[in-house]
Amino acid sequence: MSWVGAVPLGPACSPVGFAATGARTGWLFAERGGGRHGACHYGGVAHTSASAGMLLRHVRTGRARSRADLVALTGASRNTVSARVDQLIAANLLEEGGRGGSTGGRPPTLLQFNSRAGCVLAVDLGVTSVDVAVTDLAAQILATVGHPIDIADGPRAVLAEVDRLAQKVLAEAGLGAADVCAVGVGVPGPVEFSTGRPSHPPIMPGWHDYPIPSAFGRYGCPVYVDNDVNVMALGEIGIAGSVQDVLVVKVGTGIGCGVIVEGRVYRGAQGSAGDIGHIYVAQPDGRTVVCRCGNENCLEAIAGGGALLRHAVAAGLRVGSTREVVELAVQGDGPALELVRGAGRTIGTVLAALVNFFNPHRIVMTGGVAQAGAPLLAGIREAVYGRSMPLAARALEITVSDAPDLSGRIGAALMAIEQFLDEDSVEALAR
């Protein structure tokens, strides 16, 4: 029984028999939006789908707390709603709780999502480290572990280490392979989302077209793989509960952008949307810098972590890593501050074009270089507000992530949960 990308090649695991133990991270999962099927309108009244999957979504997101709420929300008959709720209870996805407040009749029986009906593995794979977590179906972390890796060691060696860490966190949470209902993986390179295969990733030598989902065959469940910035973007909007249009920009070894449209990740036709690190940026002195992708003057090559370190060494700073440059800037070192602010201006020039084109509500900066905070933001804001059209930038927020260390794991978990509990999958589970 195996799965490739989002396409099942065998039956899904049943969400039963899950025992939630181990450390938990207090995190509220707030998903918005009406799912994949839009509302229909009859006589000016909106009626949403009354499928089992959509009813579950309404309860998961807090829109509905009882059968009566679901009837009012969907316009479906009481018998239809009750029958489908009973199916979801039998499938262990919903639970009945206490009584709600009375409005004159019998108090309604409250419904709640059973987040303990299964678990997911969340993998946040970076260039030099990996974090693996096991979460419940509300994306609350039950156990997590991090470990240094070198992405250049290739997929077999790296994914073998990921598998070892996955078994470790499952054991720590008191769970086994049979409890895992889905796996979410974020990787630092372009990914064809439908297959879970990296596509010519510049900083992942040896990973092109590798079937990452195959490394998780022992779990017999769907495996979803996406670019790490898309995954971090999911984590950011999940934590904030936002349904806005957002750009989540990661500045580290590379530079990438997760594009959120009305609360959902926009991946583009083949999954490469947001790869801003390889946008051409002209240099004022006319010089050229060759990027690792082979092109010249890519944003990443001029303002990414590697470029920041190179410029710092050339300026005579005694540093051996990008992190040390960032630490100097945080401590107020003048030359380091100016280098970080200059990188911010360059990045802001590209973001200004995106603001004019996309008109987002906010931009969230994350990644190792973003930990410099104020000086990076100062440079970005200077360029964005100076070069964007007034209407596009009038209410624009530009901030640093509140949870940069968690967003990758939470986002990977949310990606897996969102796919595992989509309408079609829940319909199959509730039969």
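Begin by selecting Thr349, which is partly exposed, with a relative accessible area of 32%. That value lies between the limits of under 20% for buried and over 50% for exposed, which means that Thr349 belongs to neither of those two classes. The model on display is a predicted one. Thr349 lies in helix 9. Now add Val384 to the selection: 35 residues separate Thr349 from Val384 in sequence, while their C-alpha atoms are 6.3 Å apart in space. Which residues does Thr349 contact, leaving aside its neighbours within four places in sequence? They are Ala383 and Arg387.

**Helix 9 and helix 10**

Next, select residues 334–358, which form helix 9, together with residues 374–387, which form helix 10. These two helices pack at an angle of about 35°, and their axes are 6 Å apart. Their crossing is right-handed. On the side of helix 9, the residues that meet helix 10 include Leu337, Val340, Gly344, Ile347, Gly348, Leu351 and Val355. Helix 10 answers with residues including Pro375, Leu376, Gly379, Ile380, Ala383 and Arg387. By class, this contact between helix 9 and helix 10 has 12 nonpolar, five polar and four charged residues. When following the residues along either helix, it is useful to recall a general point. An α-helix has 3.6 residues a turn, so residues three or four places apart point the same way.

**The sheet with strand 14**

Proceed to the open sheet of five strands whose order is 16-15-14-17-18, with mixed pairing. Strand 16 (264–265) and strand 18 (397–400) stand at the edges; each has a single partner strand, so one side of each is left without a neighbour in the sheet.

Select strand 14, residues 246–251, and strand 15, residues 255–261. The two run antiparallel and are joined by six bridges. A hairpin of three residues leads from strand 14 to strand 15. To see one position of this pairing, display Leu247, which stands opposite Val259 in strand 15.

Keep strand 14 selected and add strand 17, residues 362–366. Here the two strands run parallel, with five bridges between them. Val249 has Met365 in strand 17 as its bridge partner. Is strand 14 enclosed or open to the outside? Five of its six residues are buried, so strand 14 is largely enclosed by the rest of the structure.

**The sheet with strand 8**

Turn now to another open sheet of five strands, in the order 9-8-7-10-13 and again with mixed pairing. Its edges are strand 9 and strand 13 (223–227), each with a single partner strand, so one side of each lacks a neighbour in the sheet. On average, neighbouring strands of this sheet are turned by 15° against each other, direction ignored.

Select strand 8 and strand 9, which run antiparallel and are joined by seven bridges. Within this pair, Asp131 has Gly146 in strand 9 as its bridge partner. Then move to strand 10 and strand 13, which pair in the parallel sense over five bridges. Val187 and its bridge partner in strand 13, Asn227, mark one position to display. Strand 13 is mostly covered, with five of its five residues buried.

**Helix 4**

With that sheet still in view, select helix 4, residues 155–172. Its 18 residues should span 26 Å at 1.5 Å a residue, and the end C-alpha atoms are 25 Å apart, which agrees. Which residues of helix 4 are buried? They are Pro155, Val158, Leu159, Glu161, Val162, Asp163, Leu165, Ala166, Val169 and Leu170. These buried residues pack against strand 7 (119–125), strand 8 (129–136), strand 9 (141–148) and strand 10 (180–187). Finally, display Gly174, which follows helix 4 and has a positive phi, near 75°.

**The whole chain**

To conclude, select the entire chain. Its secondary structure comes to 13 helices and 18 strands. Of its 431 residues, 52% count as buried. Among the contacts in the chain with a separation of 6 or more, 63% are between residues 24 or more positions apart.

Note on methods
Residues numbered from 1 in each chain as written. Predicted model: local features only at pLDDT ≥ 70, side-chain atom pairs only at ≥ 80, totals over all residues. Heavy atoms only, no water. Axes fitted to C-alpha atoms, helices over the stretch in contact; angles between N-to-C directions. Helix = DSSP H or I, 4+ residues; strand = E, 2+ residues; numbered from the N terminus. Left-handed = near helix turned anticlockwise from the far one by under 90°. Contact = heavy atoms within 4.5 Å. Nonpolar A, V, L, I, M, F, W, Y, C, P; charged D, E, K, R; others polar. Expected span 1.5 Å × (residues − 1). Buried < 20%, exposed > 50% of the residue type's maximum accessible area, 1.4 Å probe, protein only. Pairing = 2+ DSSP bridges.
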